[in-house]
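I'm opening a fresh notebook page for a structure that is new to me. Here is what I want to look at first.

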Amino acid sequence: MYDIIVIGGGPAGLAAAIEAKKNGIDSILVIERDRELGGILQQCIHNGFGLHVFKEELTGPEYAEKFINELKELGIEYKLDSMVLNITEDKKVDFINSIDGYVSVKTKAIILAMGCRERTRGAIGIAGARPAGVFTAGAAQRFLNMEGYMVGKTVVILGSGDIGLIMARRLTLEGAKVKVVLERMPHPGGLTRNIVQCLDDYNIPLRLAHTVTSIKGKDRVEGVTIVAIDKSGSIIPGSEEYMECDTLILSVGLIPENELTENAGIAIDPATKGAYVNEAMETSQEGVFACGNVVHVHDLVDYVTEESRLAGRSAARYINDELRASAKAVRTKQGNGIGYIVPQFIRTENLLGGVNLFMRVRSVYSNSKLVVKADGRIIKEIKRSHMIPSEMERVQLSKEVLAAADIKELAIEVMEVEQ
Amino acid sequence: MYDVVIIGAGIMGTFIARELSRYKLRIAVLEKSNDVANATTKANSAIVHSGYDAKVGSLKAKFNVLGNPMFDKVCEELDVPLRRIDSLVLAFNEDEMTTIGELYERGISNGLKKITLIDKEQVASLEPNLNKTVLGALRTTDCGIVGPFELAVALAENAMDNGAELFLNNEVKSIDKVSEGYIVHTNEGSYKAKYLVNCAGVHADEINNMVAKESFRIKPRRGQYFVLDKSAGNLVNSVVFQCPTSMGKGVLVLPTVHGNLLVGPDSQDIDVKDNFDTTLDDLENVKLVARKTIINIPFDKVITSFVGLRATPDTGDFVIGEAGDAKGFINVAGIESPGLSASPAIALHVVELLKSISGGFEEKKDFNPIRRKLTRFYELSEQEKTEAIKRDPRYGRVICRCENITEGEIVDVIHRKAGARTVDGVKRRTRPGMGRCQGGFCGPRVIEILSRELGINMLDVVKDGVSSKILDKETKGI
């Protein structure tokens, strides 16, 4: 019997476990399916991590190492190469590995930190042949940075998400010719700094409102058909163009990996594709918490850390009976221009300080404001000169503001600011 | 000198090899690809049809009806997934009601017993997710869904366990007729045989023409499919057909034996024989036609799409038998739908045919019809999982997290006879990469295992075809 079992030893799981330990919980087990801790950070050998949390620029492995070292110093137990097969309502966790075999263990609280996976060719419906040479960006990144293999010579990248941009630079540095990065949307999918540092600096063209419709090649990719996309999202007839390449890299989105969550009967928000969570990062099942990309896909690992520390702290409070399950909850609601909001529920009574609401806007906005409405009444406005879907927005609300009125629904929407 | 050389290691070639391996014969199977079941057998609807569709008196009808009940035994012996489920042909208007009435009559004439016409309410109780505009349906209760490539792989393995030889990467270039029989020349070598069996799928006409005069042509007919995530697998409980109309056969919606949802196929005649390319417009059309059956098929859960090639003969029926002008040369050609369903009966028929031509074969006393069972780790009980890991710790290491496939299972299918040599070969045998991440996570690990177990360089591991190398070179290093 453990107090807390953390599923996933990536940035989310590590931060949650460490924070729970620091809050007085001793019996913690972290279960990681890969051969080492650190999760996807281990293959992100570029820098840019940690600016918020550590006020310095670190590579992915360096960022991970800080947490791995702390975990070890704190003596937190972890299992590698271990796969959780099942979690039950009475908080029994079944996992397997080669050394312990099949293990079934009970726990007082669970923290879900399984991360996310990449959208695939099939999910976005690229037609044509099925040759070798089509990779998701993360898989290609693993091959290059962890296994030590190049995946091709002439490359087309579909999707301007951050991993796609990072891989454009990485492949170029390894001697490949990255012919183009295509983005279906009229705006980039990744952080602005990555557009500049990974594409512009290497003269790699970015073509917005373009996508790949078909792949040619019997055994290995020989080329792809590229089309232009109009404002309504449809293919512009006659815009087809064939481009030779031997590799197609897909960076077309990430999906929280919630099979365990769903099998356990925990409610999933269709907007985030992660579990509904409250102010404590607790899911619809009492004592089961979730944090990081398994809840919603983040732009920066620093925010994952912050959110996961909250989950770890909350799990400790839950075990110490400091969270009131029955407390009244305010529902957050994405209004006009907002894709989702996390958390979806706020039990004001359980708040220690304020609450951070994380959200993404649906399209690009200049000179706009985020308007917070409590049951229709505006309680806060935040001006933003520029907002894009690829960068998360954060709105802080104090406990006092929320406690002041008997709020049922807290909506946030985007409004243009009149010039 | 072989007694029998079989050309093609699809479902027919492997089935005939397995049935012939019951006898004291030297058998060789020649396959042009680097794996068995690598063309029509790997991409089809995976259905064991009841047998109401084929014309009364046709070979299709005869072997379909005979073949269907044979699946239970062979799948049991070879540990191949098979599930018996209903099939429904839906009628949405009065014309289609007439059509299903005709299909019913044809089914009765073909000798079917488990066939009925049901009304709208009965359809709704069997399949609550279908569009409410259904007026009635033809129902059979002896349909089945099966793993077609798993079956061919298992047949090949069992045939080899019983002495048959398999030669991959052997494309037949020419055939000489000699006094004792035939010499088959491939890109790799020459194989002499008393009898030849032509199971070359879409290329069967070309093989025939090397030995006998042209008597049929194969014109491949392409069909495109969607595979949906397992979370959509319960949308239907049966194989759901639309009525054949002047506009075509309509598309099917059915669960697969592994719990995914399969939607397709459409039908296009194509000129190039090995064209497995999907096309955007046709896939859109599959969606459109499928919505006639269920309006809200969750196409956002598509995990992949694929092409199947039907080996459609210009004769309208299976071409099975000794070529008139080539003694001892047996054609098993034009095996389009319901070819999979008919395959067990065709295989037995071909064996009998060869026996009558040769004057009979002697049975082997030690023929073993049983294939060593696969360990399907995820399906085991807690106790069995514990024991499996104790026996071999590699069963404790999950490689494919979507389908929960362990290293032990992957290593096993590499080292079996007719074992996996490619990433897709591993995938077809034990499913890593079949799930929603499509190999994103497990791909690198599978390549690593193949490289280690086969003793080859990581750079030489291929996805599917012989030139389908995945990795280009080592990185620069630091």
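These are my entries, going from the whole chain down to one residue and then across to the partner chain.

**Entry 1: chain A as a whole.** I'm working with a predicted model, so I kept that in mind throughout. I started with the secondary structure and found 9 helices and 31 strands in chain A. Next I looked up the extent of the C-alpha trace, which spans about 65 × 60 × 40 Å along its principal axes. Is the radius of gyration what a compact globule would have, or not? For 419 residues the rule gives a value near 22 Å, and chain A comes out at 22 Å, so the two agree. I also checked burial: 51% of the 419 residues in chain A are buried. Then I turned to contacts between residues at least 6 apart in sequence, and 65% of those in chain A join residues at least 24 apart.

**Entry 2: domains.** I looked up how chain A is divided. Domain 1 is made of two stretches, 1-118 and 254-323, while domain 2 covers 120-252 and domain 3 covers 327-419. I wanted to know how domains 1 and 2 of chain A sit relative to each other, and their C-alpha centres lie 31 Å apart. Where they meet, 7 residues of domain 1 of chain A are in contact with 10 residues of domain 2 of chain A. I sorted the domain 1 side of that contact by class and got 2 nonpolar, 3 polar and 2 charged residues.

**Entry 3: one glycine.** I picked Gly24(A), which lies in the loop between helix 1 (11-22) and strand 2 (28-31) of chain A. Why does Gly24(A) count as exposed? I found 11 C-beta neighbours inside 10 Å of Gly24(A), and the cut-off for exposed is 12 or fewer, so Gly24(A) qualifies. I also noted a partner far along the chain: Asn320(A) is 296 residues from Gly24(A) in sequence, yet their C-alpha atoms are 9.3 Å apart.

**Entry 4: chain A against chain B.** How many residues does each chain bring to the contact? I got 41 from chain A and 42 from chain B. On the chain A side, helix 4 (residues 137-147) gives the most, with 6 residues. By class, that side of chain A divides into 15 nonpolar, 13 polar and 13 charged residues.

**Entry 5: strands across the chains.** I then looked for pairing between the chains. Strand 12 (residues 149-150) of chain A pairs with strand 21 (residues 473-474) of chain B, antiparallel, over 2 bridges. I noted one residue pair there: Met150(A) has Lys473(B) as its bridge partner.

Note on methods. Residues are numbered from 1 along each chain as its sequence is written. Chains are lettered from A and ligands numbered from 1 in the order in which they are written. This is a predicted model: local features need pLDDT of at least 70, side-chain atom pairs count only at pLDDT 80 or more; totals for chains, interfaces and linings use all residues. Two residues are in contact if their C-beta atoms, placed from the backbone, lie within 7 Å. Helices (H or I, at least four residues) and strands (E, at least two) are DSSP runs, numbered from the N terminus. Ala, Val, Leu, Ile, Met, Phe, Trp, Tyr, Cys and Pro count as nonpolar, Asp, Glu, Lys and Arg as charged, and the others, Gly among them, as polar. Two strands pair if DSSP finds at least two bridges between them. A residue is buried if 20 or more other C-beta atoms lie within 10 Å of its own, exposed if 12 or fewer, and partly exposed in between; C-beta atoms are placed from the backbone. The radius of gyration is taken over C-alpha atoms; the globule rule is 2.2 Å times the number of residues to the power 0.38. Domain bounds come from an automatic or database domain assignment.
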